[in-house]
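Reader: I'd like to go through this one label by label. Can you take me from each value to the word you use for it?

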Amino acid sequence: MPKVHLTGEKATMLATLYGRALDAEAPGSILHDTMAVEAVKQIDFDFAKVGLRRGDHGAVALRGRHFDGWTREFLAVRPDATVLHLGCGLDTRVYRLDPGPGVRWFDVDYPEVIDLRRQLYPPRAGYEMIGSSVTDLSWLAQVPGDLPVLVVAEGLVPYLREEEGKELFRGIVHHFPGGQLIFDALSRSGIKISKHDKVVRAAGATVSWGVDGCADLEAIDPRLRCVTSLSAFDIEGFEKLRASYRVFIRVAKFFPVIKKMAGVYRLEF
């Protein structure tokens, strides 16, 4: 039973894993991530300490389902492609989606996170794990740059320093012939508020990179085009969340500053 001693942004993955596990065991599960349930059972860690509030698991699962959907859309059009799951944590996306034989899938995260993944999850064809900080771009040398790429960065961008994040995006754009980057981000005001988030505080993590819209992202590199910008409050399925979430979302839609605090983006190049 592996023991976990993670701090900072690395530790936030435990809250996400726990949220998906709680959702999988709840009536009317959104994501049905049964592998997350088994992973939680195998880890020697007190998950009551992750800072997840009662009922938060639905929002965690909903975000995961949204990015699963965008990933399926990309692979339906490009069945021969590379997928980079950056800051993968203990996400089981490659197993949930079970991509076809033409897909090369790489999960990238800190070495200690990848070591834990290897203890919890089985190998599979076309799937590799890379132990590295995503901002140390030397890891890109391990990934062939000959196919279109889908970059999935769920729950990562706010934890990057702005210049490091921009260099990461540029490095990917220059390494591959084309593709998409899909991710969630907080606005600059959202960054300020999220510093008081219970999960962030429980992990001792730091959030820093705020994105206020497509113009911020397209300015990173001339090849980048923002094709989808969606408020996190507009993700399909919020009616499945607990009542207090639903009320907050309805109210937030009348206040643009609040509605824009968290968004999901799809960039093409």
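Author: Sure, and let's start with Y121. At 4% relative accessibility, this tyrosine counts as buried, because the cut-off for that word is under 20%. Keep in mind that the model is predicted.

Reader: What makes Y121 and Y95 a tilted pair?

Author: Two values do it. The ring centres of Y95 and Y121 are 5.8 Å apart, and a pair needs centres within 6.5 Å. Their planes stand at 55°; stacked would be under 30 degrees and edge-to-face over 60, so the label left is tilted.

Reader: Where along the chain do Y95 and Y121 sit?

Author: Y95 is in helix α4 (residues 93-97), while Y121 is in the loop between α5 and β3, 26 residues apart, so the pair links distant parts of the chain. Y95 has a relative accessible area of 15%, under the 20% limit, so Y95 is called buried too.

Reader: Why is the pair of F169 and F183 called edge-to-face?

Author: The planes of F169 and F183 make 65°, and over 60 degrees counts as edge-to-face, so that's the name. Centre to centre the two rings are 5.3 Å apart. This pair also links distant parts of the chain, with F169 in helix α6 (residues 162-175) and F183 in strand β5, 14 residues apart.

Reader: How do you know whether F169 and F183 are buried or exposed?

Author: F169 comes out at 4% relative accessibility and F183 at 1%. Both values fall under 20%, so both residues are buried. F169 and F183 also belong to one aromatic cluster with W209 and Y265. Over the whole structure, the search finds eight aromatic pairs.

Reader: What stands opposite F183 in the sheet?

Author: That's A153. Strand β4 (residues 149-153) and strand β5 (residues 179-186) run parallel and are joined by five bridges. Two strands pair if there are at least two bridges between them, so β4 and β5 qualify.

Reader: What makes β3 and β6 edge strands?

Author: The sheet is open, with seven strands in the order β3-β2-β1-β4-β5-β7-β6 and mixed pairing. β3 (127-131) and β6 (225-231) each have a single partner strand, so one side of each is left without a neighbour in the sheet. On average, neighbouring strands are turned by 15° against each other, direction ignored. Helix α5 (residues 111-120) packs on this sheet, touching β2 (103-109) and β3, and its direction makes about 145° with that of β3.

Reader: How do you know that C214 and C226 form a disulfide?

Author: Their sulfur atoms are 2.1 Å apart, and the rule asks for within 2.5 Å, so the pair passes. By this rule the count comes to one disulfide. C214 is in helix α9 (residues 214-218) and C226 is in strand β6, twelve residues apart.

Reader: Why do C214 and C226 get separate accessibility labels?

Author: C214 has a relative accessible area of 22%, which lies between the 20% and 50% limits, so C214 is partly exposed. C226 has 16%, under 20%, so C226 counts as buried.

Reader: What makes you say that K10 lies over the face of Y110?

Author: K10 is at 4.5 Å from the ring centre of Y110. The distance limit is within 6 Å, together with a position within 35 degrees of the ring normal.

Reader: Why is H32 called exposed, whereas H66 is called buried?

Author: H32 has a relative accessible area of 53%, and exposed means over 50%, so the word fits. H32 is found in the loop between α1 (12-25) and α2 (34-42), and touches D23 and A24, not counting residues up to four places away in sequence. H66, in helix α3 (residues 57-77), has 15%, so H66 falls under the 20% limit. Leaving out residues up to four places away, H66 touches L230, I235 and V264.

Reader: What about T92: buried or exposed?

Author: Buried: the relative accessible area of T92 is 0%, so the under 20% test is met. T92 sits in the loop between β1 (81-86) and α4. Leaving aside neighbours within four places in sequence, T92 is in contact with R20, D33, M35, A36 and Y121, which brings us back to the tyrosine we began with.

Terms used: Residues are numbered from 1 along each chain as its sequence is written. This is a predicted model: local features need pLDDT of at least 70, side-chain atom pairs count only at pLDDT 80 or more; totals for chains, interfaces and linings use all residues. Side-chain values use heavy atoms; hydrogens and water are left out. Helices (H or I, at least four residues) and strands (E, at least two) are DSSP runs, numbered from the N terminus. Axes are lines fitted to C-alpha atoms, for helices over the stretch in contact, and angles run from 0 to 180 degrees between N-to-C directions. Contact means heavy atoms within 4.5 Å. Rings of Phe, Tyr and Trp (its six-membered ring) pair if their centres lie within 6.5 Å; planes under 30 degrees apart count as stacked, over 60 as edge-to-face and the rest as tilted. Buried means under 20% relative accessible area, exposed over 50%, partly exposed in between (1.4 Å probe, protein chains only).
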